Amino acid sequence: MKEKYFHWLLWPSILLVFATLILVCTKIQFIFQPFFTFISVIFLPLIISGFLYYMLSPILKLMLKIRVGRFHFNHAFAALILVLALILIIVGSVLALIPPIVKEVTTLVSHMPQTVNGLQSALNDIVDHSPLKNIDMSTYYQQFEHQLAKYSTAMLKVLSTRIGDILNAVTNITVVTITVPVMLFYMLKDGHKLAPAIQKWLSPHHAQEVQQLLSKMNNTLSSYIAGQVIECLFVGVFTTIGYFIIGQPMALVLGIVAGLCNIIPYIGPYIGITPSLFVALTMAPKKIIPVIIVVLIVQQIDGNVIYPNIIGKTLQIHPLTIIMLLLAAGHIAGIAGMILCIPAYAIVKTICEYIFDIYRIEHPVEEKSE
């Protein structure tokens, strides 16, 4: 009876203590403010560096296996070559993509007045052939133009008052751009030392278990990130090719946007097709149906071939779980939360499954004999 009462009182007591700690922490949160500031500063460079680390680590392992006579790569030299090669590829890609992107955006902007006039004429035609033809629409046009001018003036005023925030954002981007290559270099150079360093602080029994857990987490993250890169490249490349085939304006820019948006599961394709439909409506209304067909074909191939074979087998997460995670993470942290929630959930799932397996091994269920 004592053990039974103890069992019923244990978990409520733990929950009560946990709730009390949360309440106390909310009252003294000013003490943790420097810690939160530190985390917010290093969070973005750390995430980007970690993403690039898992993307480049397979190449690093291949480089370490290369031997020509007595020559072979060590971790430092191989990491340096990979970081420099990545910088050259990014700089070259940006320089190669900027001129066509600027040209296509300029074309879009130049077509805006023509598009507005076309939409206004189409609206007038619709009104003339509908029961609304007796309504004077000029008043509504004037109100719309007045509101548009009002919002434009307000936006310019906000931009002029937020010059400090803009400069701060530019400074943060510059710091991230400089910090990420340095962090990535040290991750590639010393990443293999993390598990042994953790094992030194643990007993020999738990050290082996932690090594296996870290290995599982590393494999999960590596497989997810590599699969996500392949999937985004597939969607971006083939969407761009499809747009070029149908003659969609701004095919290159819209293909890149589609590939980047595809990093968000389920919701990404809808976000990626929105600018394509807007451009088609603005510059070539006859391309709307072909745009939808191209996106459907690419997404069907991706959803039925690429995603299940590259990512689905690794994560084994039910679609309903992914949708709930995306809704919660999007509400809490926006786009960044939607991107990071799936790998974070995969890591937590891996840890829980491993702990459960260890517990089941150490506490086997004894079958009762008849």
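Is phenylalanine 234 buried or exposed, and what is its relative accessible area? In this predicted model, phenylalanine 234 has a relative accessible area of 15% and is buried, because the limit for that class is under 20%. Its ring partner is phenylalanine 238, which counts as partly exposed at 42% relative accessibility. The two ring centres lie 4.7 Å apart with the planes at 40°, so the pair of phenylalanine 234 and phenylalanine 238 is tilted. Both residues belong to helix α7, where a spacing of four residues places phenylalanine 234 and phenylalanine 238 about one helical turn apart.

This pairing belongs to a wider aromatic theme, with four aromatic pairs in the structure. One of them joins phenylalanine 185 and tyrosine 186 in an edge-to-face arrangement, with 5.2 Å from centre to centre and 75° between the planes. Here too the partners can be described by their accessibility. Phenylalanine 185 counts as buried at 18%, whereas tyrosine 186 is partly exposed at 47%.

Attention can now turn to the empty space inside the model. A single cavity of 30 Å³ or more is present, and the largest cavity has a volume of about 70 Å³. Helices α7 (204–246), α9 (268–283) and α10 (288–315) each give two or more residues to the lining of this cavity, and α9 gives the most, with four. Among the lining residues are Val235, Thr239, Tyr243, Gly268, Pro269, Val295 and Gln299. By class, the cavity lining comprises seven nonpolar and five polar residues, with no charged ones.

The second largest pocket offers about 450 Å³ of space. Of its 19 lining residues, Tyr266, Pro269, Gln299, Asp302 and Gly303 are the closest to the centre. Helices α7, α9 and α10 again appear as the elements giving two or more residues to the pocket lining, but here α10 gives the most, with nine. The pocket lining divides into 11 nonpolar, six polar and two charged residues. Pro269 and Gln299 are worth a look in the viewer, since they line the largest cavity and also the second largest pocket.

A last site of interest lies in helix α5 (residues 163–190), which contains threonine 177. Threonine 177 is exposed, with a relative accessible area of 53%. The side chain of threonine 177 nevertheless reaches back to the backbone oxygen of isoleucine 173, at 2.7 Å. Threonine 177 also has a sequence-distant companion in proline 45: the two residues are 132 apart along the chain, while their C-alpha atoms are separated by 8.3 Å.

Conventions
Residues numbered from 1 in each chain as written. Predicted model: local features only at pLDDT ≥ 70, side-chain atom pairs only at ≥ 80, totals over all residues. Heavy atoms only, no water. 1 Å grid on protein atoms, 1.4 Å probe; cavity = no way out; pocket = protein on both sides within 12 Å on 5 of 7 lines; lining within 4 Å. Points joined across faces, edges and corners; volume = space filled by probe spheres on them. Nonpolar A, V, L, I, M, F, W, Y, C, P; charged D, E, K, R; others polar. Buried < 20%, exposed > 50% of the residue type's maximum accessible area, 1.4 Å probe, protein only. Polar contact = N/O pair within 3.5 Å; in protein donor to acceptor, adjacent residues only side chain to side chain. Phe/Tyr/Trp six-rings, centres within 6.5 Å; stacked < 30°, edge-to-face > 60°.
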